[in-house]
Amino acid sequence: MTESDFQTFEAVGALVVVLDVDDRINYWNQACSDLTGYSVEEVRGRRFWDFLLVPEEVEPVRSALAMARTGDRPSRVANYWV
């Protein structure tokens with residue numbers, strides 16, 4: 001990703017989280033920081049389900065991400081951040 005991609009993520013006004021191939025946070029935009037109180041520096045390298053999801057939300061999210069990696073897109077995925 002380029003610097004301009006990240007600037008675009010700041011302008012969209014939606015929560016944007018960019019994960020690496022191991023599902024660790026590589027980037028998240030200011031909207032995520034505003035909502036959670038965590039800066040991108042505090043979360044980089046962490047898996048968001050380790051600190052943002054209630055336990056019953058973890059497995060459905062992990063499954064959806066695994067599906068996305070295979071090219072099968074889940075029809076809908078929603079979760080709630082704590």
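# A tour from the pocket outwards

Start by selecting Phe48, Val61, Leu65, Val77 and Asn79: of the 11 residues that line the largest pocket, these lie nearest its centre. A pocket here is found on a 1 Å grid over the protein atoms alone, as an open set of points where a 1.4 Å probe fits, with protein on both sides within 12 Å along at least five of seven lines; a lining residue has an atom within 4 Å of a point. Rolling a probe the size of a water molecule over the atoms shows where empty space is left. The space in this largest pocket comes to about 300 Å³, a volume filled by probe spheres set on the points, with grid points joined across faces, edges and corners.

Before moving on, a word on what you have open: it is a predicted model, so local features need pLDDT of at least 70 and side-chain atom pairs count only at pLDDT 80 or more, while totals for chains, interfaces and linings use all residues. Residues are numbered from 1 along each chain as its sequence is written, and side-chain values use heavy atoms, leaving out hydrogens and water.

**Zoom out for a moment**

Colour by secondary structure and you should find four helices and two strands, running α-β-β-α-α-α along the sequence. These are DSSP runs numbered from the N terminus: helices are H or I with at least four residues, strands are E with at least two. Which element gives the pocket the largest share of its lining? That is α4, with three residues. Both β1 (17-19) and α4 supply at least two lining residues each.

Of the 82 residues in the protein, 27% are buried, where buried means under 20% relative accessible area, exposed means over 50% and partly exposed is in between, using a 1.4 Å probe and protein chains only.

**Next, follow the rings**

Go back to Phe48 and add Trp49. The two rings form an edge-to-face pair, 5.6 Å centre to centre with 65° between the planes. Rings of Phe, Tyr and Trp (its six-membered ring) pair if their centres lie within 6.5 Å; planes under 30 degrees apart count as stacked, over 60 as edge-to-face and the rest as tilted. Phenylalanine 48 is buried at 8% relative accessibility, and tryptophan 49 is buried at 7%.

Now add Trp81. Its ring centre is 6.4 Å from that of phenylalanine 48 and the planes meet at 40°, so this pair is tilted. This pair links distant parts of the chain, 33 residues apart: phenylalanine 48 is in the loop between α3 (40-43) and α4 (55-70), and tryptophan 81 is in the segment after α4. Tryptophan 81 is partly exposed, with a relative accessible area of 24%.

To see the wider group, select Trp28, Tyr38, Phe48, Trp49, Phe51 and Trp81, which form one aromatic cluster. Across the whole structure there are five aromatic pairs. While you are at Phe51, show Arg46 too: the charged end of arginine 46 sits over the phenylalanine 51 ring, 4.0 Å from its centre. For that label, NZ of Lys or CZ of Arg must be within 6 Å of the ring centre and within 35 degrees of the ring normal.

**On to helix α2**

Select Ser33, in helix α2 (residues 30-36). Serine 33 is buried at 14% relative accessible area. Beyond residues up to four places away in sequence, serine 33 touches Trp28, Tyr38, Ser39 and Val40; contact means heavy atoms within 4.5 Å. What joins the side chains of serine 33 and tryptophan 28? A polar contact of 3.5 Å, that is, a pair of N or O atoms within 3.5 Å; within protein, one must be able to donate a hydrogen and the other to accept it, and residues adjacent in sequence count only if both atoms are side-chain atoms.

Step to Cys32, also in helix α2. Is cysteine 32 buried or exposed? Cysteine 32 is buried, with a relative accessible area of 0%. Leaving aside neighbours within four places in sequence, cysteine 32 is in contact with Leu15, Val16, Val17, Gly37 and Trp81. Its C-alpha is 7.8 Å from that of valine 17, which is 15 residues away along the chain.

**Two last stops**

Glu57 is in helix α4 and counts as buried at 14% relative accessibility. Setting aside neighbours within four places in sequence, glutamate 57 contacts Ala78, Asn79 and Tyr80.

Finish at Asp23, in the loop between β1 and β2 (25-28). Aspartate 23 is not a glycine, although its phi is positive, about 65°. Aspartate 23 is also buried, at 9% relative accessibility.
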